[in-house]
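Good morning, and thank you for joining this session. I would ask you to look at the structure on the screen while I speak about one of its pockets and then about its nonpolar cores.

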Amino acid sequence: MNAPKGLPLWLKIVTGVVSVALVAGVAFAAFWFIRLQNNITKAPLSAGDSRDTGEAVVNDKSDRLQILILGSDTRDGKNSQYGSSEDSTGYGHSDVMMLLDISANNKRVSVMSFPRDLLVDVPQCTDRTTNQTFPARSGVMINEAMAEAGIGCAVDTINKLTGLTVDHFMMADFNAVKELSKAIGGVDVCVSDSVFDPDSGLRLAKGNSQVEGEQALAFLRTRHAFGDGGDLGRIKGQQAFLSSLTRKLKDEGTLGNPQRLLQIADVVTQNLTVDEGLASVPTLLTIGGRLKDIDVSKVAFVSVPTQAAAIDPNRLELVEPQASQLFAALRADLDLTNPGATATPAPGDPTAAPTSAPPAPPAYDKALQPVAVANGSGIGTRAQEILGVLTSNGFAQSVSYLANPVDQTVVYYGPEFADVATDVATLFGIPATQVQQAPGVTGVQLYIGTDFGTGTAYGAASVPDDVVNQTASDAVCQQVNPLYITQ
């Protein structure tokens, strides 16, 4: 930019300085944009046919966002020191799997962890690179979902398991953890006793320590040092690490500092794979900026409710109805830090019951109708709760018995009892599609499934008690497995 002739010398100098500043600013922004954009590796969001993987489905600035965070066990390149390529086949396994849920108003964040040993059903998946299709599988470890068909298959598996819809994913490898922890100057952690785990290399003194680099990775990877040595102990350690990381970023104002964000983004994006919708610098910075004012007490860390699997005690399976209740609470966008909070399912939720007009007075005597409650919920006391509702509403002949567990609640009825069955279903808000005539049924049978494990209104979502392991405001000390305590 040339200053017009005749201008005072001071104005020429100011004009020159502004010109240089503008050019430098544009060059700086272009440098960072190109550098970060070239760092990013991307992959398809889905391995199924039900979704256009190239189409953004949410507004990343203002909508509720659900981002699947994956930690890959790949041993390629910089990760080769942690094992051979045979230790991670195909696309690798997702040894860390967390669902990050950001509310639309940026007031709440939920982080739900899935144990790597959890047995799940994996849907049919197609590798978008080779176009090879892999059949659906049942009863496989959740961390195997992406090994054959890629990250999109892990996303599809989480969608199928929870009834949610993942909007984005971020997958980091071992090196990403080391570099991020160094970039922010270390993360504070706590252990109940001095610990040494030769497998992960974790070695810490009792009490508080600051970890970065190799020790930060070892803290997150250790599979034996915490709790009883299982995957659930490792998850609690990971959640404590992320809680501490959140507090540090919040206290230091990192998320509101563009220069610091760029520095961290430079480190992270070199070791990160994301979906196409997230593969841009502005989008990544937008999501980071959404969290800068979050109340750390509203960042809730939870784990999917599990128990030892019946088919293999070394694996885990969902505990019902607690798992279904948690997933329903998430679908209803409830605040997990507010136990007991309830909501009617949103339209489109698979648990939602259709609304209908109040029923007309029955043309029969309720007190004489044979109504049986078959308790297939897996909860011993559940039948008594349902019986109480039936008898208080006039069905005085109601009885109950224990039945085999089933996934879905259904009202069965025999000939000439369709009207009674409809009224029983209406009493509990059970959809008409789940009212069926069945041979061999005398009167009406209300068969309670694991999807109706709490409350008296079918499909009403509520936050389970004690579902939150900790919030980001909590500094939790990890209990060391006695076998790994050192003197």
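Let me begin with the second largest pocket, which is lined by 41 residues. Leu-161, Glu-320, Ser-324, Asp-407 and Thr-450 are the lining residues that lie nearest its centre. I should state at once that this is a predicted model. Four elements give two or more residues each to the lining of this pocket: strand E5 (119–122), helix H3 (151–162), strand E17 (316–318) and helix H9 (322–331). Which of them provides the largest share of the lining? That is H9, with 5 residues. By character, the lining comprises 18 nonpolar, 16 polar and 7 charged residues. The space in the second largest pocket comes to about 1,200 Å³.

I turn now to the interior. In soluble globular proteins, nonpolar side chains tend to be buried together. Here, the largest nonpolar core contains 44 residues, and Leu-68, Met-97, Met-112 and Phe-114 have the most contacts inside it. At least two residues of this core come from each of several elements, including strand E2 (65–72), strand E3 (94–102) and helix H2 (145–149). E5 and H3, already named for the pocket lining, are also among these contributors to the core. H9 gives the most to this core, namely 6 residues.

Consider Met-112 more closely. Beyond its neighbours within four places in sequence, Met-112 is in contact with residues including Met-97, Leu-99, Val-302, Leu-326 and Phe-327.

Finally, there is a second, separate core of 24 residues, with Leu-390, Val-411, Val-435 and Leu-446 among them.

Notes. Residues numbered from 1 in each chain as written. Predicted model: local features only at pLDDT ≥ 70, side-chain atom pairs only at ≥ 80, totals over all residues. Heavy atoms only, no water. 1 Å grid on protein atoms, 1.4 Å probe; cavity = no way out; pocket = protein on both sides within 12 Å on 5 of 7 lines; lining within 4 Å. Points joined across faces, edges and corners; volume = space filled by probe spheres on them. Nonpolar A, V, L, I, M, F, W, Y, C, P; charged D, E, K, R; others polar. Core = buried A, V, L, I, M, F, W, Y, C linked by side-chain atoms within 4.5 Å. Buried < 20%, exposed > 50% of the residue type's maximum accessible area, 1.4 Å probe, protein only. Contact = heavy atoms within 4.5 Å.
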